[in-house]
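Reader: I have a sequence and a model to go through. Can we take it one question at a time?

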Amino acid sequence: MLKIWNDTGNLTPQQLAFNAAQIRTRRVVECAFGRLKKRYSVVASSNLKDPHFASQVGLLCCALHNVIERKRSGRLPCCRNFTTPAPVAVISSSAEVIRNALGRYLHE
């Protein structure tokens, strides 16, 4: 997880843009997990410290949530062609390099 830049009063516009985007994104993710916890007790009660197991539970809960929401709206797709997204490749192990690149992109 990437952390926001410490605001000591001298952040660049790119760093401020990164911080703002990171805070907004975190809020959305926290709200989504709150909804999943209410709907699926496994999210609230399980020990999700194992990253592989947690990602499987998260994908399953999101998929079930989407199917239920689409069924309610009358837009239930055929699930036959569902594929798991490919893992994201890590470009750099340095959080600072990643934050700088994201900050430049977000500031544009």
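Reader: Is Ile68 buried, partly exposed or exposed?

Author: This is a predicted model. Buried would need under 20% relative accessible area, and exposed over 50%. Ile68 has a relative accessible area of 31%, so the class is partly exposed.

Reader: Which residues make a nonpolar surface patch with Ile68?

Author: Patch residues need over 30% relative accessible area. Ile68 has 31%. The patch covers about 240 Å², and the residues that join Ile68 in it are Leu60 and Leu64.

Reader: Which helix holds Ile68, and what does that helix span from its first C-alpha to its last?

Author: Ile68 lies in helix 3, residues 51-73. That helix has 23 residues. At 1.5 Å a residue, 33 Å is expected, and helix 3 comes close to this with a reach of 33 Å.

Reader: What covers the buried residues of helix 3?

Author: The buried residues in helix 3 include Val57, Gly58, Cys61 and His65. Residues three or four places apart on an α-helix point the same way, because there are 3.6 residues a turn. The cover over the buried residues of helix 3 includes helix 1 (13-39) and helix 2 (41-45).

Reader: How many disulfides does the whole structure have?

Author: A disulfide needs two cysteine sulfur atoms within 2.5 Å. A search of the whole structure finds zero.

Reader: How far is the nearest cysteine sulfur from that of Cys62?

Author: Cys62 is partly exposed, at 36% relative accessible area. Cys62 is in no disulfide. The nearest cysteine sulfur belongs to Cys61, and the distance is 7.0 Å.

Methods
Residues are numbered from 1 along each chain as its sequence is written. This is a predicted model: local features need pLDDT of at least 70, side-chain atom pairs count only at pLDDT 80 or more; totals for chains, interfaces and linings use all residues. Side-chain values use heavy atoms; hydrogens and water are left out. Patches are made of residues with over 30% relative accessible area and no salt bridge: like charges are joined within 9 Å, nonpolar side chains (Val, Leu, Ile, Met, Phe, Trp, Tyr) within 5 Å. Accessible areas come from the Shrake-Rupley method with a 1.4 Å probe; for residues, only the protein chains shown count as cover. A salt bridge is a side-chain nitrogen of Lys or Arg within 4 Å of a carboxyl oxygen of Asp or Glu. Helices (H or I, at least four residues) and strands (E, at least two) are DSSP runs, numbered from the N terminus. Buried means under 20% relative accessible area, exposed over 50%, partly exposed in between (1.4 Å probe, protein chains only). The expected span of a helix is 1.5 Å times one less than its number of residues. Contact means heavy atoms within 4.5 Å.
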